[in-house]
Structures are given as C-alpha cells and as structure tokens.
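Trainee: Could you take me through one spot in this model up close, and then show me how it fits with the rest? I'd like a single connected walk rather than a list.

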Amino acid sequence: MIYLKLFLSFLKIGTFTFGGGYAMIPLIQEEVLNNCWMSLEELIDFIAISESTPGPFAINIATFVGTTMGGLFGAICTTLGVVFTSFVLILIVAKNYDKYKNSKVVKGLMTGLKPAVIGLILSAVISTFLTVFFPEGILLNVFTNVSFWKSMFIFVISLVLVFKKLHPIKVILSSAFLGIILGFI
C-alpha cells in the first residue's frame, strides 16, 4: 500500500507542477508533511543536499523520500511517479510543437504559467528561509542564537559570491566548507 501511495503522491506532484524542481517544493512539502514521511527540518536538509548533488532536483528528492519510506522499491515508485507525466507530455510536445507553437492557446498557456511558476518558487524560498533562519517561529530571541548568525553569515557570503558571478559549484563548495568550519566553532 505504501508503494502505491508513494507513486500516486509523486505522480500528483509531477503532474500538477510546472517550472521544474523549485516549483515542486511547496507540493513536495505538503505531501511529505501531510503523510508524516519526515519532519520539515529533515525535508529542508534534504532540499539542501538535493540541490548540491548531481541530477535533477525533483528526482533527487523523490528518490530520497521513496528510499526513506520504502527502500529501493519505494525509490523506484516515487521516481517513476514524479517523471511519468513529464515524460509522456514531452513526447507529445516534441512531436507536435512545430505544428502548434504559434497557436494563441499555446501562447496564452505560457503567458499564464510563467507568473504562477515564479509564485511557486517564491513560496518555496520563503518557506525554506523561515525554516532555516526561524525554526521555532519569528521570535526576538532568535537574534541571540549563535546558529542564526552562523546561517546568516553563510547566506550573505553565498549571496555575495553569486552576485560576483562565481560558478554555482564554487558557491556550493564554499558554503559547505564554511558550514563545516562554523560547525566546529
């Protein structure tokens, strides 16, 4: 039963999310938390791991949740679930794109989807930000917590490196290195 539930949950996520892995975060968060598959902190940790490992973000996180809940077969179920609809749709689109690319319906669809994807990504950013920096809610005593300032320092350094156009891999490695160093302090 868990395998079917994993497959259907990630099929729903893969079917109703447009814009890639980041846009999936709110749906993944809802499914994972509502089914008590892991805590929000565990999910946020794995989002960080999924982002810094090779491969598509959504597949990484689906595979992790599936492995956690159902071992190898659970991983296969979640991974197939999250990619199934996209796989079928991209086959159809690839076959018919030239024929319909100038259609008003297709252009309207794309015009409507773009802002929705930005909203979903922004929602994921805000949710992740609040969980990382304010894990117990927005309380004034968080500013006296050393962990808050360590995380804020790494965040600011990462932003500076991104705006300096440092390669993303170097930003990830630098942030990981800083996290290790600050973890020992």
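Mentor: Let's start at Glu31, which sits in helix 2, the stretch covering residues 21-34. Keep in mind throughout that this is a predicted model. Glu31 has a relative accessible area of 9%, and since anything under 20% counts as buried, that is what we call this residue. What does Glu31 touch once its neighbours within four places in sequence are left aside? The answer is Ser9, Lys12, Ile13 and Trp37. Ser9, Lys12 and Ile13 are worth finding on screen together, since helix 1 runs over 2-15.

Now go to Phe10. Not counting residues up to four places away in sequence, Phe10 touches Ile28, Trp37, Ala62, Val65, Thr78, Gly81 and Val82. So Trp37 turns up again: it is on the contact list of Glu31 and on that of Phe10.

Phe10 also takes us into the nonpolar interior. As a rule, in soluble globular proteins, nonpolar side chains tend to be buried together. Here the largest nonpolar core has 20 residues, and the members touching the most other members are Phe10, Ile28, Ile47, Ile61, Val65 and Val82. Helix 1, helix 2, helix 3 and helix 4 (57-100) each give two or more residues to this core, with helix 4 supplying the largest share, six residues. Apart from this core lies another one, of five residues, including Phe133, Phe134, Phe148 and Met152.

Follow the chain just past helix 2 and you reach Cys36, in the loop between helix 2 and helix 3. Most residues other than glycine have a negative phi. Cys36 goes the other way, with a phi near 55°. Is Cys36 buried or exposed? Its relative accessibility is 65%, and the cut-off for exposed is over 50%, so Cys36 counts as exposed. There is a similar case at Lys165, in the loop between helix 6 and helix 7. Lys165 is not a glycine either, yet has a positive phi of about 65°, and with a relative accessible area of 73% Lys165 is exposed.

Helix 2 has one more role in this picture, in the lining of the largest pocket. That pocket has a volume of about 1600 Å³. It is lined by 36 residues, and those nearest its centre are Ala48, Thr128, Val132, Phe155 and Ser158. Helix 2, helix 3 (40-51), helix 5 (104-133), helix 6 (146-163) and helix 7 (168-184) each supply at least two residues of the lining. By type, the lining divides into 23 nonpolar, nine polar and four charged residues.

Zoom out and the whole thing is helical: seven helices and zero strands, or α-α-α-α-α-α-α when read along the sequence. The C-alpha trace spans about 60 × 45 × 30 Å along its principal axes. Of the 185 residues, 29% are buried, and Glu31, where we began, is a buried residue too. Among contacts with a separation of 6 or more, 54% come from residues 24 or more positions apart. Finally, the accessible surface comes to about 12000 Å², and 74% of that belongs to carbon and sulfur atoms.

How values were computed:
Residues numbered from 1 in each chain as written. Predicted model: local features only at pLDDT ≥ 70, side-chain atom pairs only at ≥ 80, totals over all residues. Heavy atoms only, no water. Helix = DSSP H or I, 4+ residues; strand = E, 2+ residues; numbered from the N terminus. Buried < 20%, exposed > 50% of the residue type's maximum accessible area, 1.4 Å probe, protein only. Contact = heavy atoms within 4.5 Å. 1 Å grid on protein atoms, 1.4 Å probe; cavity = no way out; pocket = protein on both sides within 12 Å on 5 of 7 lines; lining within 4 Å. Points joined across faces, edges and corners; volume = space filled by probe spheres on them. Nonpolar A, V, L, I, M, F, W, Y, C, P; charged D, E, K, R; others polar. Core = buried A, V, L, I, M, F, W, Y, C linked by side-chain atoms within 4.5 Å. Areas by Shrake-Rupley, 256 points an atom, 1.4 Å probe, with all protein chains shown as cover.
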